[in-house]
Amino acid sequence: VQLQASGGGLVQAGGSLRLSCAASGSAFSINVMGWYRQAPGKQRELVATISTYGSTNYASSMKGRFTISRDNAKNTVYLQMNSLKPEDTGVYYCNARTIFDEYWGQGTLVTVSS
């Protein structure tokens, strides 16, 4: 499975961004897709995940501001980020899990200016 993320960039606080991550290869084997982020000097943390059937899970600090969605036909997961804060700045990584393996995309940088 290969993951290609896109959509990061520079945005002012209060703004919005939409990240996309397209899976290729053995994408049919993916059960859960999600987003994680790593802020400067911090460990990678969960943002949100979504199962094949649409069941979602969010980190508490993102709930209500971020929305994860998935297009199974396109093997693509999206992350709509609203009301962005400077503390949302970081590299956002796409993640995909099968029964046996876990895969990571290359990361896309999100910078939120105050």
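Trainee: Why is W104 called partly exposed in this predicted model?

Mentor: W104 has a relative accessible area of 35%. Buried means under 20% and exposed over 50%, with partly exposed in between, so at 35% W104 is partly exposed.

Trainee: What makes W104 and Y36 an aromatic pair, and why is the pair called edge-to-face?

Mentor: The search of the whole structure finds one aromatic pair. The ring centres of Y36 and W104 are 5.1 Å apart, and the limit for a pair is within 6.5 Å. The planes stand at 70 degrees; over 60 counts as edge-to-face, so that term applies to Y36 and W104. Y36 is in strand β4 (residues 32-38) and W104 in strand β10 (residues 102-104), 68 residues apart.

Trainee: Is Y36 buried or exposed, and how do you know?

Mentor: Y36 has a relative accessible area of 16%. The cut-off for buried is under 20%, so Y36 is buried.

Trainee: What makes R44 a charge over the ring of W104?

Mentor: The charged end of R44 is 4.5 Å from the ring centre of W104, and the rule asks for within 6 Å and within 35 degrees of the ring normal. R18 lies over the face of Y78 in a similar listing, at 4.1 Å from the ring centre.

Trainee: What makes E45 and R37 a salt bridge?

Mentor: Their side chains meet at 2.7 Å, N to O. The cut-off is within 4 Å, so the contact between E45 and R37 counts as a salt bridge. By this rule the count comes to three salt bridges.

Trainee: Why is R37 called buried, and E45 partly exposed?

Mentor: R37 has 6% relative accessibility, which is buried because the cut-off is under 20%. E45 has a relative accessible area of 35%, so E45 falls in the range between 20% and 50%.

Trainee: Which other salt bridges are there, and what makes them a network?

Mentor: R37 forms one with D88, the closest N and O atoms being 2.8 Å apart. This pair links R37 in strand β4 with D88 in the loop between β8 and β9, 51 residues apart. Both R37 and D88 are buried. The side chains of R65 and D88 meet at 2.7 Å, N to O. R65 lies in the loop between β6 (56-58) and β7, so the pair ties together parts that are 23 residues apart in sequence. R65 is buried as well. Salt bridges that share partners join R37, E45, R65 and D88 into one network.

Trainee: Why is F28 called exposed?

Mentor: F28 has a relative accessible area of 73%, and over 50% is exposed, so the term fits F28. F28 is in the loop between β3 and β4.

Trainee: How do you know that β1 and β3 pair?

Mentor: Five bridges join β1 to β3, which run antiparallel, and at least two bridges are needed. One bridge partner in β3 is S24, for Q2. β3 and β8 also pair in the antiparallel sense, over six bridges; L17 has M81 as its bridge partner in β8.

Trainee: Which residues touch the most other members of the largest nonpolar core?

Mentor: Of its 29 residues, these are W35, L79, M81 and Y92. The largest share of this core, four residues, comes from β3.

Note on methods: Residues numbered from 1 in each chain as written. Predicted model: local features only at pLDDT ≥ 70, side-chain atom pairs only at ≥ 80, totals over all residues. Heavy atoms only, no water. Phe/Tyr/Trp six-rings, centres within 6.5 Å; stacked < 30°, edge-to-face > 60°. Helix = DSSP H or I, 4+ residues; strand = E, 2+ residues; numbered from the N terminus. Buried < 20%, exposed > 50% of the residue type's maximum accessible area, 1.4 Å probe, protein only. Core = buried A, V, L, I, M, F, W, Y, C linked by side-chain atoms within 4.5 Å.
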